[in-house]
Amino acid sequence: MMLYPPVAELVEKVGSRYQLVNLVARRARAISQEAEAEGIILEKKPVSAAIDEVYTGKLGIDN
């Protein structure tokens with residue numbers, strides 16, 4: 001099974017696996033809390049959404 005996006009590309013965008021995991025976890029929690037507070041049902045899992053944000057450049061260490 002191939003993962004998309006590749007972890008190696010995500011690590012290049014962030015700097016290290018440790019930073020990637022922390023960044024994605026923090027953003028996923030924020031997405032989940034925002035959706036719960038507003039009563040929104042999410043179409044995709046918060047972790048997947050956070051990973052997509054890192055991959056597209058919307059979310060990074062600087063952001």
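**Core**

I started with the largest nonpolar core of this predicted model. I count 12 residues in the core: Leu 10, Val 11, Val 14, Leu 20, Leu 23, Val 24, Ala 28, Ile 31, Ala 49, Ala 50, Val 54 and Leu 59. Next I asked which elements give two or more residues to this core. They are H1, H2 and H3. H2 gives the most, with 5 residues.

**Overall layout**

I then stepped back to the whole chain. I find 3 helices and 0 strands in the protein, and from the N terminus on the elements run α-α-α. The C-alpha trace spans about 35 × 30 × 15 Å along its principal axes. How much of the protein is buried? Buried residues make up 25% of the 63 residues. I also looked up how far apart in sequence the contacting residues are. Of the contacts with a separation of 6 or more, 49% come from residues 24 or more positions apart.

**H1**

Helix H1 covers residues 7-14, and I noted Leu 10, Val 11 and Val 14 as its buried residues. They sit on the same side of H1, because the arc they cover around the axis is only 100°. What lies over them? The cover includes helix H2 (17-38) and helix H3 (46-56).

I picked Leu 10 for a closer look. Not counting residues up to four places away in sequence, Leu 10 touches Pro 5, Leu 20, Ile 51, Val 54 and Tyr 55. Among these, Leu 20 and Val 54 are also members of the core, as is Leu 10 itself.

At the end of the helix I checked the backbone. Gly 15, just after H1, takes a positive phi of about 125°.

**H1 against H2**

How do H1 and H2 pack? I read an angle of about 90°, with the axes 8 Å apart. That angle makes H1 roughly perpendicular to H2. On the H1 side the contact is made by Val 7, Leu 10, Val 11 and Val 14, and on the H2 side by Arg 17, Gln 19, Leu 20 and Leu 23. Sorted by class, I get 6 nonpolar, 1 polar and 1 charged residues in this contact.

**H3**

In H3 I noted four names as buried: Ala 49, Ala 50, Glu 53 and Val 54. Do they line one face or opposite faces of the helix? Seen down the axis of H3, they fall within an arc of 140°, so they line one face. The cover over the buried residues of H3 includes H1 and H2. I also looked just past the end of this helix, where Gly 57 takes a positive phi of about 90°.

**Glu 53**

A glutamate in that list made me stop. Glu 53 lies in helix H3. Is Glu 53 buried or exposed? Its relative accessibility is 12%, so Glu 53 counts as buried, the cut-off for buried being under 20%. Leaving aside neighbours within four places in sequence, I find Glu 53 in contact with Arg 27, Ile 31, Lys 58 and Leu 59. Of these contacts, Ile 31 and Leu 59 are listed in the core.

**Ala 49**

Ala 49 is placed in helix H3. At 17% relative accessibility, Ala 49 counts as buried too. Outside its neighbours within four places in sequence, Ala 49 is in contact with Ile 31 and Lys 44. Ile 31 turns up in the contacts of Glu 53 as well. I also took the C-alpha distance from Ala 49 to Val 7: the two are 42 residues apart along the chain and separated by 15 Å.

**Lys 44**

Where is Lys 44? I find Lys 44 in the loop between H2 and H3. Its relative accessible area is 43%, so I put Lys 44 down as partly exposed. Not counting residues up to four places away in sequence, Lys 44 touches Ala 49 and Asp 52. For Lys 44 and Ala 8, 36 residues apart along the chain, I noted a C-alpha separation of 22 Å.

Conventions: Residues numbered from 1 in each chain as written. Predicted model: local features only at pLDDT ≥ 70, side-chain atom pairs only at ≥ 80, totals over all residues. Heavy atoms only, no water. Buried < 20%, exposed > 50% of the residue type's maximum accessible area, 1.4 Å probe, protein only. Arc of directions from axis to C-beta. Contact = heavy atoms within 4.5 Å. Axes fitted to C-alpha atoms, helices over the stretch in contact; angles between N-to-C directions. Parallel < 35°, antiparallel > 145°, perpendicular 65-115°, else oblique. Nonpolar A, V, L, I, M, F, W, Y, C, P; charged D, E, K, R; others polar. Core = buried A, V, L, I, M, F, W, Y, C linked by side-chain atoms within 4.5 Å.
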